[in-house]
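Here is a set of short exercises to work through with the model open beside you. Try each task before reading its solution.

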Amino acid sequence: VDLIYYWMGGRDAVNINSVGSLQHFNKKNKPENATDRCLSCPLKQTCVYSAEKIYLSEPVIKQWPMSVVCDIEDNPVKYPGVLRKTLETSPYGRCVYECDNDVCDTQMVNFMFDNGAVANLTMTAFTSQVCERYTRITGSQGELVWNGSSFGPIRVYKFSTGMWEEVFPDARAP
């Protein structure tokens, strides 16, 4: 939503419609024989949402999502051990189906702005990318596609030429 508002130049949204729900990550979908903690769960090798897979896969690096579990920038050598210990006791090591999560796992938001422009946002937990933005902007002259990387590229398709161009914003900055 922040990027949509920014790209619209702070224009007022005159109509907003949002629908979303928490359908999957709840107790009724918890696999049979799963325990309340991931690290001791007998299903951790096959569970798609195992905290061990998400946070402790090699190499253990200090970036999202690991960096929200514990901050140990002063001693990176001990980081994997501290991360494992934190997962044993913190909410991040709990079974995703047993958490008190109240955040939608899927949501769609539609906006209409005061200049007639429309935008929509789709948020889903079910994607190969963890906490990354994928943006597609369509207009009367073409479309822009961006994978959320701060290094680009932004892909630009022009209807007039039928061609894609890749733009690397940082390379063009003064």
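A residue counts as buried when its relative accessible area is under 20%, as exposed when that area is over 50%, and as partly exposed in between. Keep in mind throughout that this is a predicted model.

**Exercise 1. Find helix α3 and classify Val 69: is this residue buried or exposed? Then list its contacts beyond the local sequence.**

Start with the location: Val 69 belongs to helix α3, which covers residues 66–69. Next, take the relative accessible area, which is 10% for Val 69. Because 10% falls under the 20% limit, Val 69 is buried. Now look at what surrounds the residue. With neighbours within four places in sequence set aside, Val 69 is in contact with Tyr 55, Leu 83, Thr 86, Leu 87 and Tyr 92. Finish with the backbone: Val 69 and Tyr 92 are 23 residues apart along the chain, and 6.6 Å separates their C-alpha atoms.

**Exercise 2. Compare two residues of strand β4, Thr 135 and Ile 137. What is the accessibility class of Thr 135, and what is that of Ile 137?**

Strand β4 spans residues 135–138. Thr 135 has a relative accessible area of 12%, so Thr 135 is buried. For Ile 137 the value is 33%, which makes Ile 137 partly exposed.

Now follow each residue to its surroundings. Apart from neighbours within four places in sequence, Thr 135 is in contact with Trp 7, Leu 144, Val 145 and Trp 146. Ile 137, for its part, joins Tyr 6, Trp 7 and Leu 144 in a nonpolar surface patch, with about 410 Å² of accessible area together. Trp 7 and Leu 144 thus appear both among the contacts of Thr 135 and in the patch.

**Exercise 3. How many disulfides does a search of the whole structure find? Use Cys 99 to explain the result for one cysteine.**

The search finds zero disulfides. For Cys 99, begin with the closest cysteine sulfur, which is in Cys 95, 7.0 Å away. The cut-off for a disulfide is 2.5 Å, so the sulfur of Cys 99 is too far from that of Cys 95 for a bond. As for accessibility, Cys 99 is partly exposed at 24%, and Cys 104 is also partly exposed, at 27%.

**Exercise 4. Which loop holds Asn 33, and what is notable about its phi angle?**

Asn 33 sits in the loop between β1 and α2 (51–56). Its phi is positive, about 75 degrees, although Asn 33 is not a glycine. The side chain and backbone together are not hidden from the probe by the rest of the chain to the point of burial: Asn 33 is exposed, with a relative accessible area of 57%.

**Exercise 5. Describe the protein chain as a whole, then say where its confidence is lowest and highest.**

Count the elements: there are five helices and seven strands. Of the 174 residues, 25% count as buried. Among contacts with a separation of 6 or more, 44% link residues 24 or more positions apart. The accessible surface is about 12,100 Å², with 54% belonging to carbon and sulfur atoms.

Turn to confidence last. The mean pLDDT is 86, and 87% of residues reach 70 or more. Confidence is lowest in helix α5 (residues 169–172), at a mean of 63, and highest in strand β1 (residues 13–21), at 96. Where pLDDT is low, predicted coordinates should not be read in detail.

Definitions and conventions: Residues numbered from 1 in each chain as written. Predicted model: local features only at pLDDT ≥ 70, side-chain atom pairs only at ≥ 80, totals over all residues. Heavy atoms only, no water. Patch = residues over 30% accessible without salt bridge, like charges linked within 9 Å, V, L, I, M, F, W, Y side chains within 5 Å. Areas by Shrake-Rupley, 256 points an atom, 1.4 Å probe, with all protein chains shown as cover. Salt bridge = Lys/Arg side-chain N within 4 Å of Asp/Glu carboxyl O. Helix = DSSP H or I, 4+ residues; strand = E, 2+ residues; numbered from the N terminus. Buried < 20%, exposed > 50% of the residue type's maximum accessible area, 1.4 Å probe, protein only. pLDDT = per-residue confidence, 0-100. Contact = heavy atoms within 4.5 Å.
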